[in-house]
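Open the model in your viewer and show the side chains. This tour goes from stop to stop: select, look, move on.

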Amino acid sequence: MKKQVILFGAPGSGKGSQAKYLVKEYGFKHLSTGDILRAEVKKGTDLGVRIAGRIEKGELVSDEIILELLQANLDLDNNSYIFDGYPRNLSQAQILCEKLLANYNVIAIYFDIDVSVLTKRIVNRLVCPDCQAIYNRISHPPKLGAVCDYCHGQIYQRADDNEETVVSRMKIFQEVTSPVLDFFKEKGTLHTMNAADDFDNIRERIKKVLDNV
Ligand code: AMP
């Protein structure tokens, strides 16, 4: 049965960096709802204009909009996906696991980390808009200064990666998103990683999970 992987964790817990590796290693397609939403905002579509304010404030976009965008970007018959940033609440989890992925082997990987350490990570995070590579000003700065090491895209800081917005994003994670953990546990699909560990160790643990399920 085709594998579909859900990376689940607070903003800045390392999902995006591991996703990039898994895409390269296993050929998964990376489906980040945050990336899809930011692309709409950047293109200035009607939808992009409508959702920009919510994203900037760190609030969730409506389930209906997310589902519509998801369906427009999914081709489950032909691909295995890494879901990154989705589901964000219980109703998204039910739609994903009980409807969209009902006939697939679903693996949920939880990036477990104390949210209090994430603020510092996020306010120093830099990203490449072209290949989505993730850097950190302090622990992993881009070698070439303002351009991406891999594709030479112009590195930038996300508008919602500031201290004020991070506080509300973390609050939403704790209050609305983390209850989804129990949902995954009950389904028997949850694998927990210590997300404070270093990148290579987490990568190896994920690899073991994927190779054995
Ligand atoms: P992310 O890149 O996953 O940190 O998401 C950035 C922002 O996009 C979030 O703070 C939300 O405003 C919005 N967003 C991303 N994914 C979702 C989702 N599954 N449901 C609702 N809003 C989302």
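**Stop 1: the aromatic rings**

This is a predicted model. Six aromatic pairs occur in it. Select F8 and Y110 to see a tilted pair. The ring centres lie 6.0 Å apart, with 50° between the planes. Now trace the chain from one partner to the other. F8 belongs to strand β1 and Y110 to strand β4, 102 residues apart, so this pair links distant parts of the chain.

Are these two residues buried or exposed? F8 has 2% relative accessibility, so it counts as buried. Y110 has 12% and therefore counts as buried too. The cut-off for buried is under 20%.

Keep F8 selected and add F184. The two ring centres are 5.5 Å apart. The planes meet at 85°, so this pair is edge-to-face; the cut-off for that is over 60 degrees. F184 sits in helix α8 (residues 180-187), while F8 is in strand β1. The pair therefore ties together parts that are 176 residues apart in sequence. F184 has 0% relative accessibility, so F184 is buried.

Next, add F173 and F183. Together with F8, Y110 and F184, they form one aromatic cluster.

**Stop 2: helix α1**

Select residues 15-26, which make up helix α1. How far apart are its end C-alpha atoms? They are 16 Å apart. That agrees with the expected span, because twelve residues at 1.5 Å a residue should span 16 Å. The rule multiplies 1.5 Å by one less than the number of residues.

Colour the buried residues of α1: K15, G16, Q18, A19, Y21 and L22. What covers them? The cover includes β1 (3-9), β2 (29-32), β3 (81-84), β4 (105-112), β6 (134-136) and α9 (199-212).

Pause at Y21 and add R203. The charged end of R203 sits over the ring of Y21, 5.2 Å from the ring centre.

Then step past the end of the helix. G27 follows α1, and its phi is positive, near 80°.

**Stop 3: the ligand**

Select the ligand and show what is around it. It is surrounded by 16 residues. The closest are T33, R38, E59, G85 and Q92.

Three of its contacts can be checked in turn:

- R38: an N or O atom of its side chain is 2.9 Å from a ligand oxygen atom.
- E59: a polar backbone atom is 2.5 Å from an oxygen atom of the ligand.
- G85: a polar backbone atom is 3.0 Å from a nitrogen atom of the ligand.

Notes
Residues are numbered from 1 along each chain as its sequence is written. This is a predicted model: local features need pLDDT of at least 70, side-chain atom pairs count only at pLDDT 80 or more; totals for chains, interfaces and linings use all residues. Side-chain values use heavy atoms; hydrogens and water are left out. Helices (H or I, at least four residues) and strands (E, at least two) are DSSP runs, numbered from the N terminus. Buried means under 20% relative accessible area, exposed over 50%, partly exposed in between (1.4 Å probe, protein chains only). Contact means heavy atoms within 4.5 Å. Rings of Phe, Tyr and Trp (its six-membered ring) pair if their centres lie within 6.5 Å; planes under 30 degrees apart count as stacked, over 60 as edge-to-face and the rest as tilted. A charge sits over a ring if NZ of Lys or CZ of Arg is within 6 Å of the ring centre and within 35 degrees of the ring normal. A residue is near a molecule or strand if one of its heavy atoms lies within 4 Å of it. A polar contact is a pair of N or O atoms within 3.5 Å; within protein, one must be able to donate a hydrogen and the other to accept it, and residues adjacent in sequence count only if both atoms are side-chain atoms.
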